[in-house]
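Subject: Structure handover

Hi,

Here is the structure I promised you. My notes on what turned up follow below it.

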Amino acid sequence: MARQKNKANHKFSSRKLIWTCGIILAVVGIGYAALMSSTPVNARYPVLGVPANHYIKVVNSQNGPAFVSTSTKGGKGFSGSGGHLTPTIEVNNNELVSIHVLNEDHQKHNFNIDQFNVHTKDLDHFGSQSITFVADKPGRFSYYDSLNPKMNGTILVGK
């Protein structure tokens, strides 16, 4: 009788150990995912803070596909002008920036800023991707679509 009781307790403690290990692995996995999601693409460490959000949309204009943009810094809708819509994104030096790209064109497009290691995947129609980076170099930098070189714009990083 005592042997059966020990065997039952052993099964109970094995299940408890498996559940505990599973919970620990889940917590570690969630923590790792949270840590990696707070690490900008051009940094080696997490950056805690609220990023400035900029939205880039690819639209089909009269002269073909083009970028238009808006931001959470008081933008009043998407902007761009003329035949080549080449909006300027303005950010502060050392600011945490998130760029959210949405492709509303029927062709594939992407978004790149080489100096900040910002590169989206090729986005299909209504595909989207967000990239966070630290604008750690003051100056004027170009962004572009490598699939359609006429699509470009400027990111202006203030001092």
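Tyrosine 55 has threonine 70 of E2 as its bridge partner. That pairing belongs to a set of 8 bridges that join E1 to E2, and the two strands run antiparallel. They form a hairpin, with 2 residues between E1 and E2. Please keep in mind that this is a predicted model.

E1 also pairs with E4. Here 7 bridges join residues 52–61 of E1 to residues 95–103 of E4, and these strands run parallel. One position to look up is asparagine 53, whose bridge partner in E4 is serine 98.

Now the sheet as a whole. It is open, has 4 strands, and follows the order E2-E1-E4-E7 with mixed pairing. Which strands stand at the edges? They are E2 (64–71) and E7 (128–135). Each has a single partner strand, so one side of each is left without a neighbour in the sheet. On average, neighbouring strands are turned by 25° against each other, direction ignored.

Is E2 enclosed or open to the outside, given its place at the edge? It is largely enclosed by the rest of the structure, because 8 of the 8 residues of E2 are buried.

Two loop residues are worth a look, as both touch Pro65.

- Asparagine 148 is in the loop between E8 (139–144) and E9 (152–157). Its relative accessible area is 16%, so it counts as buried, the cut-off being under 20%. Beyond its neighbours within four places in sequence, asparagine 148 is in contact with Pro65 and His109.
- Glutamine 107 lies in the loop between E4 and E5 (112–113). Its relative accessibility is 44%, so it counts as partly exposed, between the cut-offs of 20% and 50%. Not counting residues up to four places away in sequence, glutamine 107 touches Pro65 and Leu123. There is also a C-alpha separation of 6.6 Å between glutamine 107 and aspartate 124, which are 17 residues apart along the chain.

Last, the surface. Which residues make the nonpolar surface patch? They are Trp19, Ile23 and Val27, and the patch covers about 380 Å². Isoleucine 23 is found in helix H1, which spans residues 2–37.

That is the list so far. Send me any questions once you have loaded the file.

Best wishes

Key: Residues numbered from 1 in each chain as written. Predicted model: local features only at pLDDT ≥ 70, side-chain atom pairs only at ≥ 80, totals over all residues. Heavy atoms only, no water. Buried < 20%, exposed > 50% of the residue type's maximum accessible area, 1.4 Å probe, protein only. Contact = heavy atoms within 4.5 Å. Pairing = 2+ DSSP bridges. Axes fitted to C-alpha atoms, helices over the stretch in contact; angles between N-to-C directions. Patch = residues over 30% accessible without salt bridge, like charges linked within 9 Å, V, L, I, M, F, W, Y side chains within 5 Å. Areas by Shrake-Rupley, 256 points an atom, 1.4 Å probe, with all protein chains shown as cover. Salt bridge = Lys/Arg side-chain N within 4 Å of Asp/Glu carboxyl O.
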